[in-house]
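Me: I have a structure to study and would like to work through it by asking questions. Please keep the replies short.

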Amino acid sequence: MSAAIHANDMSGVGRIHIKNAAVSFNAPGRRTIEALAPTELVIDSGSFISLIGPSGCGKSTLLNAVGGFVPLSAGSIELDDEPVTGINPDVGVVFQQYALFPWFTALGNVMFALKRFKISKEERLSRAYAALKEVGLDGRESTYPGQLSGGMRQRVALARTFVTSPKVLLMDEPFGALDAQTRVVMHDILLRVWEAHKATVIFVTHDVDEALILSDKVHIMSSGPGRIIDTMEVAQERPRHIDALGEQFLKNRNHIIKLLRQPGAADH
Amino acid sequence: METQLKKFGQLLISLTGVVILWSLFANSGFISQDLFPTPGQVWAAAIELYQDGVLVSDLKVSLTRAAIGFSIGASLGILIGLLTARIKLISIALEPFLNLLRPIPAIALVPVAIVWFGIGEGSKYFVISYTVFLAVWLNTHAGASDVASTYIRAARSLGASKFREFFEVIIPASAPHIVVGLRLGAALAFLSLVAAELSGASSGIGFRLQDARQFMRTDRMFVGLIELGILGALLDAVFVFFSRRIVHWENA
C-alpha cells in the first residue's frame, strides 16, 4: 500500500483542527509557563503526522491537549467540528510508559477496551483475539505484560487501542524505550495496522529518522515557548526502509537536523 | 525446590544450634532451672499441657480471636483506605482523626475495651481489629492515593466508567500495598491478641502465660512463647505464599 491511497481517503472522519490553542501551567512563585504558544494546525483525517523537537518544546503538551488530558488556556481544538472538552474514547492513546494493566493478561487488556460496547462476550472475545493476531501476538493471549518484551508490550498496547477503531490515535514516543531492530519491526506493524484502520495518527518523537519513515507530514517544534517552527511534507511512498532511502530523504533529514540545531531551537 | 531444601536445611541447623546452646546454658548451673528451664523440661511441660487438653483448646481460642479480629479490622481498613484515598470529602473528614488514632498503641486500649465489652470475646475482637485496621488502612490509603496517573488516563481514554475504573484499575493497582498492609496486620493481630489476653481473659495463649506466672511455671511460659513464635512465623509464611499468587504481577 502507498501513501497515495490515503490521500484519497481524507474525506473520512478524524479531522483535527487546532485553533490558536495554547497551554500554560502555573509554576511556583506565581509564574505561568507557556508550554504551548497559540498554535494553528489542521490535521487531515486519516493522515499520519509527527511532532518532533527537543524536550520541552511542547510536543507532548500538544498531544495531551488533543487527548483532552490538559486544559487549554486559549483557543480550541476540534475533532470533526466538535470541540475537545475532555478525554474521549474516540481518541486512542498509546503511552510513552507502558500503560498496560499488569494485572490483566494480554487478552484481558484488549478486552478492557471492548467492555464499553454492548456486544456479546463471544463477539468481544473474537474481536480481541483478532486484534492480537493483527499485531502478531496470536498464541500470547494469556501472557501477562510482565512476561512480555518491551516491543510485545507496545504491540498489546497498539491492539488495545486499535480494537475499538478510534478516529484518532495519539502516540507519545511509544518506541522510545525499544532497541533499533525492534523499532523497525514496530514501525512495520504500526503502518500495517494504521492502513487497515485508517485512523488519524499524531506521533510524538525526537527521532528524525522515525518521523520521516512513518509520517505524511512532520511538524518541527521548538521550545521557549513551545511552538511549531516548520512543517515538512514527506511525499515518498511507503514502505520507506532505512537502508534504501533516496536523496530526498537525506535532504529532509539534514533540513530538520539543521532546524533543531539552531540556537533557541534546542535546549540541550 | 532446591532453594526450598536449602532453606529447610538452614532452618534445621539454626534451630539445632539454638537448642544446643540453650541446653548448655540451662544445664551450666549459672542460673536456677526454675527460672530458666532446659529444653527437655519445656518439652515435658508441652506434653503435660497437651494431655490436659489446654494446649489445643488455647490454640483454638487464640486463633479464632485473631482470625475474627483480623477479618473485621482488615475489611474496614481496606474499605476506609480506598475511600479516604479516592474521595476528597471522606479524606478531609476522616484523615486527621485517623492520624490521631495512629500513635495510640493497642495495649492502651485494653482497659477501655474491658470496660466497654467485658472480659469476654468482645474486648479481644475490639483490640485486635483496631490494631489491624490502622495498619491496613494506612497501607491501603498510601497505595490507592498513589495509583500511576498513566493507568487512570489509559482507563479513561479506553472509555471505562468510574465504576470500572475503581474496581478494575484502582483496586488492582493498590493491591500490592493492600497485601503489605494485611501482612503487617496479621503480625500485629498476634501482638494485640496477647496484649488483650494477658490482662483479662480466661483462656488463650496469653492467658496461659499469665496463669503460669502465678505458679512460677517458667517451663509453661516457654511453651507459650515458643507457640507464639511458631504460629507467627507459620502465619507469615502462609501469607507470603498466597500474596505472591494474588499480586503475581509484582514478582514478574
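Me: Which residue follows helix 2 of chain B, and what is the sign of its phi?
Reply: This is a predicted model. Look just past the end of helix 2 of chain B. The phi there is near 90°, and the residue is G53(B), with its phi positive.

Me: How far apart are the end C-alpha atoms of helix 2 of chain B?
Reply: Helix 2 of chain B covers residues 39-52, which is 14 residues. At 1.5 Å a residue, it should span 20 Å. The model agrees: the end C-alpha atoms are apart by 20 Å.

Me: Within what arc do the buried residues of helix 2 of chain B fall?
Reply: V42(B), A45(B) and L49(B) are buried in this helix. Look down the axis of helix 2 of chain B: its buried residues line one face, because they fall within an arc of 60°.

Me: Which residues of helix 2 of chain B are exposed on the other side?
Reply: The buried residues have cover that includes helix 3 (54-86) and helix 10 (218-246) of chain B. Turn to the other side of helix 2 of chain B. The exposed residues there are G40(B), I47(B), Y50(B) and Q51(B).

Me: Which strands stand at the edges of the open sheet in chain A?
Reply: The sheet has four strands with antiparallel pairing, in the order 2-1-4-5. Each edge strand has a single partner strand, so one side of it is left without a neighbour in the sheet. These are strand 2 (31-43) and strand 5 (82-83) of chain A.

Me: What is the bridge partner of L79(A)?
Reply: Strand 4 (residues 74-79) and strand 5 of chain A pair in the antiparallel sense, over two bridges. In strand 5 of chain A, the partner of L79(A) is E82(A).

Methods. Residues numbered from 1 in each chain as written. Chains lettered and ligands numbered in written order. Predicted model: local features only at pLDDT ≥ 70, side-chain atom pairs only at ≥ 80, totals over all residues. Expected span 1.5 Å × (residues − 1). Buried ≥ 20, exposed ≤ 12 C-beta atoms within 10 Å, placed from the backbone. Arc of directions from axis to C-beta. Contact = placed C-beta atoms within 7 Å. Pairing = 2+ DSSP bridges.
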